[in-house]
Amino acid sequence: MAYDFSDVVFTLAILVRRFSHRIGTDLPMKSVRIVIFAKAPQPGFAKTRLIPALSVQGAADLARRMFVHTLETAIAADVGSVELCVTPSVKDAVWQTLAIPDTVRWSDQGKGDLGERMARAAQGTIDSGESVVLIGTDCPELSVYHIRHAASVLQHSDSVLFPTFDGGYALLGLNGFSQLLFTDIAWSTNTVAFETLFRLKQLGWTVRTHRMLHDIDEPADLRWLPTTWLMKAKQ
C-alpha cells in the first residue's frame, strides 16, 4: 500500500497526541542500556546518500562526526550502560581508529535486515533484565535531555518513541520485547514510526512519544546540521 508522506505525518501527529497521555501504573525500576546502532564511518560505506552533496570522503567525515557526537551524548546522559552494536564486526580494524572509552560495551549487528538486527539487540538487553533504548547515529538533534527523558519515561510506561520528520524514528525505548515491533516493516520508508506505534497499540503497551526530530539521510536534510558541521563536511 502506498502512503503519501503528508498523510503519514498528519496521522502520526494524531497518534502522538492520542498516546501521549496513556501512562500506565508505575513499573518496577530497571536499569537502562542505550544501544547505538552504528555503521563504521568509512568512505563509500556510511551515509552514501549524501555523497552527491558532500563527496565520498565528505560523507564519511560527516558520518564520523555524527558517530562521535552520538556516542558522547549517550555517555553524557548517564542513565545506564552504553553499547555499540556495529557493522562491520567489532574485530574489524576500522574500529581501532576511533577513541572509544573502555566502559562502552561492544556487539555485532550480525546478519539480516535492520529489523532482525534490532530485534536481536533489543531481546538480548531485555532478557538481561534491563530496559533498552535503541538509537542510531543519524540524528544530531537527539540530545542528553532527550535520552534522559526517554529513560525517565520507561520507569512509568512500557515504551517510548521519538519520531522523525521523514516518518522513521530516532529513538525507541522498551521495557519488554516483541518480535512484532521488528518484523515485516518497510524500513527506510515514511511509514516506520506509524507502523511501530500501531503495533505497540496492538500489543496493548503504554507508549509515550515526543515531538518529531530531524535526522540526516538525504542531501536536503543537511540544512538541519549545525552550520560549522556543514562547513567542515563540504571542505
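Me: Helices here are DSSP runs of H or I with at least four residues, and strands are runs of E with at least two, numbered from the N terminus. On that basis, which elements each supply at least two residues of the lining of the largest pocket?

Reply: The model is a predicted one. In it, strand 1, helix 3, helix 4, strand 4 and strand 6 each supply at least two residues of that lining. Strand 6 gives the most, with four residues.

Me: What makes this a pocket rather than a cavity, and how much space lies in it?

Reply: A pocket is an open set of points, whereas a cavity is a set from which a 1.4 Å probe cannot get out. The largest pocket holds about 1000 Å³ of space. Its lining numbers 38 residues, and R49, L114, D138, S188 and D217 are those nearest its centre.

Me: How do you know that there is an enclosed cavity as well, and which residues line the largest one?

Reply: Rolling a probe the size of a water molecule over the atoms shows where empty space is left. The count of cavities of 30 Å³ or more comes to one. The largest cavity has a volume of about 40 Å³, which places it above that cut-off. Its lining consists of H69, T70, T73, I135, C139, L142 and I147. Helix 3 provides the largest share of this lining, with three residues.

Me: What makes a set of residues a nonpolar core, and how many residues has the largest one?

Reply: The members must be buried, belong to a list of nonpolar types that includes Ile and Leu, and be joined through side-chain atoms within 4.5 Å. The largest set that meets this rule has 31 residues, and those with the most contacts inside it are I34, I36, L84, I135, L142, I147 and L171. At least two residues of this core come from each of strand 1, helix 3 (56-77), strand 2 (80-87), strand 4, helix 5 (144-153), strand 5 (159-163) and strand 6 (169-174). Another core lies apart from it, with 24 residues, including C85, M118, A193 and L200. In soluble globular proteins, nonpolar side chains tend to be buried together.

Me: Which residues is I135 in contact with, leaving aside its neighbours within four places in sequence?

Reply: I135 is in contact with I34, V35, I36, F37, T70, L142, I147, A170 and L171. Of these, T70, L142 and I147 also line the largest cavity, as does I135 itself.

Me: Why is V35 called buried?

Reply: The relative accessibility of V35 is 0%, and buried means under 20%, so V35 counts as buried. V35 belongs to strand 1. Beyond its neighbours within four places in sequence, V35 is in contact with E83, C85, A121, T125, V132, V133, L134 and I135.

Me: Why do C85 and C139 count as buried, and how many disulfides does a search of the whole structure find?

Reply: C85 has 2% relative accessibility, which means that it is buried under the 20% limit. C139, at 8%, falls under that limit too and is therefore buried. The search finds zero disulfides, that is, zero pairs of cysteine sulfur atoms within 2.5 Å.

Me: Why is K47 called buried, and what joins its side chain to that of D217?

Reply: The relative accessible area of K47 is 14%, under the 20% cut-off, so K47 is buried. The side chains of K47 and D217 are joined by a polar contact of 3.1 Å, which is within the 3.5 Å limit. K47 sits in the loop between strand 1 (32-39) and helix 2 (51-54). Leaving aside its neighbours within four places in sequence, its contacts are A59, A63, M66, D138, I216 and D217.

Me: What is the phi of K47, and what is that of S55?

Reply: Most residues other than glycine have a negative phi, and most peptide bonds are trans. Phi of K47 is near 55°, a positive value in a residue other than glycine. Phi of S55 is near 85°, again positive in a residue other than glycine. S55 lies in the loop between helix 2 and helix 3.

Me: Which peptide bond is cis, and where is P88 placed?

Reply: The bond joining T87 and P88 is cis, with omega about 0°. P88 is placed in the loop between strand 2 and strand 3 (105-108).

Me: Why are S55 and G129 called partly exposed?

Reply: Partly exposed lies between the buried limit of 20% and the exposed limit of 50%. S55, at 38% relative accessibility, falls in that range and therefore counts as partly exposed. G129, at 41%, falls there too and so counts as partly exposed. G129 lies in the loop between helix 4 (114-127) and strand 4 (131-135).

Note on methods. Residues numbered from 1 in each chain as written. Predicted model: local features only at pLDDT ≥ 70, side-chain atom pairs only at ≥ 80, totals over all residues. Heavy atoms only, no water. Buried < 20%, exposed > 50% of the residue type's maximum accessible area, 1.4 Å probe, protein only. Polar contact = N/O pair within 3.5 Å; in protein donor to acceptor, adjacent residues only side chain to side chain. Contact = heavy atoms within 4.5 Å. 1 Å grid on protein atoms, 1.4 Å probe; cavity = no way out; pocket = protein on both sides within 12 Å on 5 of 7 lines; lining within 4 Å. Points joined across faces, edges and corners; volume = space filled by probe spheres on them.
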